[in-house]
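Visitor: Please pick one helix and take me through it slowly. I'd like to see which way its residues face and what lies beside it.

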Amino acid sequence: MAKVKFPSDNIEADVPVGTPLKKVIEEQGANVHFACSDGRCGTCLVRIIKGMEFLNKRTPNEARTLEMLGTEDDKRLACQVVIEKDGTIEVEGVY
Ligand code: FES
């Protein structure tokens with residue numbers, strides 16, 4: 001199990017490896033919003049405070065959108081993120 005924390009929302013959840021971050025956010029009610037859910041709009045931009053190494057690599061759509069937004073390396077699009085390894089991940093919504 002991985003532990004996903006949203007410190008600014010005071011949320012912690014234990015989730016199995018392979019869980020999409022979007023699912024965790026929706027089930028836990030974290031303050032991150034979605035629109036396209038396809039890595040194209042940037043609505044779900046989050047900062048990975050800790051645990052980037054436990055996540056999948058950026059998808060092609062995500063990489064393109066993050067490049068257009070000019071974001072730093074600690075940013076991901078939550079709709080494209082999958083928890084791939086056991087560990088502790090801390091996430092914060094940007095918008
Ligand atoms: S909801 Fe559009 S990029 Fe994630």
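Guide: Here comes a close look at helix α2, followed by the sheet.

A quick word before we start: this is a predicted model, where local features need pLDDT of at least 70 and side-chain atom pairs count only at pLDDT 80 or more, while totals for chains, interfaces and linings use all residues. Residues are numbered from 1 along each chain as its sequence is written, and side-chain values use heavy atoms, with hydrogens and water left out.

So, find residues 60-69: that's α2 (helices are DSSP runs of H or I with at least four residues, strands are runs of E with at least two, and both are numbered from the N terminus). Its buried residues are Asn61, Glu62, Thr65 and Leu66 (buried means under 20% relative accessible area, exposed over 50%, partly exposed in between, using a 1.4 Å probe and protein chains only). Look down the axis of α2 and these buried residues fall within an arc of 125 degrees, so they line one face of the helix (the arc is that of the directions from the helix axis to the C-beta atoms). Here's the general rule: an α-helix has 3.6 residues a turn, so residues three or four places apart point the same way.

Now swing round to the other side of α2, where Pro60, Glu67 and Met68 are exposed. Just after the helix, glycine 70 takes a positive phi of about 65 degrees.

What does the buried face sit on? The buried residues of α2 pack against β3 and β4, the latter being residues 75-77 (contact means heavy atoms within 4.5 Å). The helix lies across both strands, running at about 130 degrees to β4 (axes are lines fitted to C-alpha atoms, for helices over the stretch in contact, and angles run from 0 to 180 degrees between N-to-C directions).

Those two strands belong to an open sheet of 5 strands, in the order β2-β1-β5-β3-β4, with mixed pairing (two strands pair if DSSP finds at least two bridges between them). β2 and β4 are the edge strands, each pairing on one side only. From one strand to the next, the twist averages 35 degrees.

Stay with β3 for a moment. This strand pairs with β5, residues 88-93, in the antiparallel sense over 4 bridges. For one pair to look for, go to lysine 50: its bridge partner in β5 is glutamate 90.
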